Amino acid sequence: MNLFAVSTALTPHAGTLQLVAAAVVGIALIVVLITWLKLNPFLSLTIGSLAVGAMANMPMADVVTSFSNGVGSTVASVGVLIALGAMFGRLLADSGAADQIVDTLVGKAGTRMLPWAMGLVGALIGLPMFFEIGLVLLMPVIMLVSVRSGLSLVRVGIPALAGLSAMHGLVPPHPGPLVAIGALKADLGITLIIGVLIAIPVVVISGPLFAKVAGRWVNVAAPQLVITEREKQLLAAGHGGGHATPTAPAAGAGKNAASAGARARQPRFSVTLATVLLPVVLMMAKAIADIVSSANSPVRVVLDFLGNPLIALLLAVLVAVVTFGRGSGMDRRAIASSLEQSLPPIAGILLIVGAGGGFKQTLIDTGIGTVITNFAASSGISVLFLGWLVAVLIRLATGSATVATVTAAGVLAPLAASLPTAETSLLVLAIGTGSVFFSHVNDAGFWLVKEYFRMDIVQTIKTWSLMETLISVVGLVLVLAVGMFV
């Protein structure tokens, strides 16, 4: 599905070497501004776009127009989906529905199966939630499970983080995959189906299996000081799930989320699971109907409407208001407050995503896209590997998975026009896997995990950073393997 319009490549405004130099300098400028000057990625992408247009001999008025069009079309479509996803995730947290998922799955798992249960918890929570919010929500659970089971934080925490991270990089409606789908004009349903299928073995390998090895390298016990009095009481009573989410405004968890675990009533697990999976099922059903049904089939017409990402997520939010909100005893004021508080934390993400769309449009309108397409066609390099590599380089330089995704998608967008539908979806996933490669000291997520797990830098690299690298490499291998058959 095409989420937003991309203009066709125009006649190049300069010679090939000048256009290549403009692209290289523009990307390098963005990297320098983010890493050295510590400038906000939104401003860095904006300045980089203007620099690319100027170096490509494009009239500056046209550069501004291209950038503005790219920002506007991206925010107008992808931005709405991100906002709906944030609302859904906030209701999931504030109502205690996320607690219900964790309580049920972890409560039914024995000690041997706990890492696998935590991986499943991370994946389910990661479907509708941004990584940072999911991490803040799950950390009290990880701490409590570690204390109760006697397993190290690494053994139970890495699988949960793997589930969160893999979903964040591979599965819509997360911002990165959505932007890449729009920029490359990929089919969202097909991308979702392949992304989920690839994410399953990725989470298994980088989660429970890797955690068993990493747990031998780094053995970190949950510090007692992070266990709240209420959790101690639950622990003494033999309960493993109830918890209070720590306040972390930067990650979007506010006072409602902090009190979610204390709610007397939680939505039932079956209702919670059905609500979480509702948008995924609708979008998958649309993709399948598009393949097996005729264009005028009544079933396909209905599923094309219900499976539209906007409609699917809107329905999920409305259903969540009833199942999560009213189902947990929240009144109308509490539900309204939860929905309202879900939007401010994503303002920065929306701006970065929009600027990434503007950068992409500038690359296309200067004619650089034509040069990139011709180079890739003549070099013999796999398009999927090229997309992964570009995302990896930007990720290593900037530390931001979102910046890596939106920039790589902009660079590779001209190539997607000649690709089959399935391969375009695989290119989205290749970029997504590259965007999470080797998180290190320039990534805010690195420090978030380090401080929550009370590890030093070397320990964080041996666990978190290697886990992210494993997600990236295993994901690429699976993408390339699938690419051999489509």
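This report walks through a predicted model of one protein chain, from its overall make-up to a few individual residues.

## The chain as a whole

Let's start with the big picture. The chain contains 22 helices and 0 strands. Of its 486 residues, 58% count as buried.

Contacts tell us how the chain is put together. Take the contacts between residues at least 6 apart in sequence: 81% of them join residues at least 24 apart.

## The nonpolar core

In soluble globular proteins, nonpolar side chains tend to be buried together. In this model, the largest nonpolar core has 140 residues. Which residues have the most contacts inside this core? They are L92, I125 and L161.

L161 is a good one to find in the structure. If we leave out residues up to four places away in sequence, L161 touches F131, L135, V449, F453, W464 and M467.

## I471 and S165: two buried residues in contact

Now look at I471, which sits in helix α22, covering residues 457-483. Is I471 buried or exposed? Its relative accessible area is 2%, and the cut-off for buried is under 20%, so I471 is buried. Not counting neighbours within four places in sequence, I471 is in contact with A162, S165, A166, V202, S206 and V436. The fold also brings together residues that are separated along the chain: I471 and P201 are 270 residues apart in sequence, yet their C-alpha atoms are 9.6 Å apart in space.

One of the partners of I471 is S165, found in helix α7 (residues 153-170). S165 is buried as well, because its relative accessible area is 4%. Beyond residues up to four places away in sequence, S165 touches F131, V436, M467, E468 and I471. V436 therefore appears among the contacts of both S165 and I471.

## A well-covered helix

Helix α4 runs over residues 97-107 and is mostly covered, with 9 of its 11 residues buried. The buried residues are A97, A98, D99, Q100, I101, V102, T104, L105 and V106.

## Aromatic rings

A pair of aromatic rings is described by the distance of the centres and the angle of the planes. The model has 5 aromatic pairs. In the pair of W388 and F437, the ring centres are 5.9 Å apart and the planes meet at 90°, so this pair is edge-to-face. The two partners come from distant parts of the chain, 49 residues apart: W388 is in helix α18 (residues 383-398), while F437 is in the loop between α20 (421-434) and α21 (444-453).

Both rings belong to residues that count as buried: W388 has a relative accessible area of 10%, and F437 has one of 17%. Together with F385, W388 and F437 form one aromatic cluster.

## The largest pocket

What is the volume of the largest pocket? It comes to about 1000 Å³. This pocket is lined by 40 residues, and those closest to its centre are E132, S400, D443, A444 and G445. By class, the lining divides into 24 nonpolar, 11 polar and 5 charged residues.

## Cavities inside the structure

A search of the whole structure finds 7 cavities of 30 Å³ or more. The largest cavity has a volume of about 70 Å³. Its lining is made up of G85, F88, L127, P128, P173, V276, P279, V280, M283 and L313.

Which helix gives the most to this lining? Helix α12 does, with 4 residues. Helices α3 (60-94) and α12 (269-292) each supply at least two lining residues. In terms of class, the lining of the largest cavity has 9 nonpolar residues, 1 polar residue and no charged residues.

## Two residues with positive phi

Finally, here are two backbone details to look up. K38 has a positive phi of about 60° although it is not a glycine. K38 lies in the loop between α1 (16-35) and α2 (41-55). With 63% relative accessibility, K38 counts as exposed, because the cut-off for exposed is over 50%.

N57 is another residue other than glycine with a positive phi, near 65°. Its place is in the loop between α2 and α3. N57 has a relative accessible area of 45%, so this residue is partly exposed.

Note on methods: Residues numbered from 1 in each chain as written. Predicted model: local features only at pLDDT ≥ 70, side-chain atom pairs only at ≥ 80, totals over all residues. Heavy atoms only, no water. Core = buried A, V, L, I, M, F, W, Y, C linked by side-chain atoms within 4.5 Å. Buried < 20%, exposed > 50% of the residue type's maximum accessible area, 1.4 Å probe, protein only. Contact = heavy atoms within 4.5 Å. 1 Å grid on protein atoms, 1.4 Å probe; cavity = no way out; pocket = protein on both sides within 12 Å on 5 of 7 lines; lining within 4 Å. Points joined across faces, edges and corners; volume = space filled by probe spheres on them. Nonpolar A, V, L, I, M, F, W, Y, C, P; charged D, E, K, R; others polar. Phe/Tyr/Trp six-rings, centres within 6.5 Å; stacked < 30°, edge-to-face > 60°.
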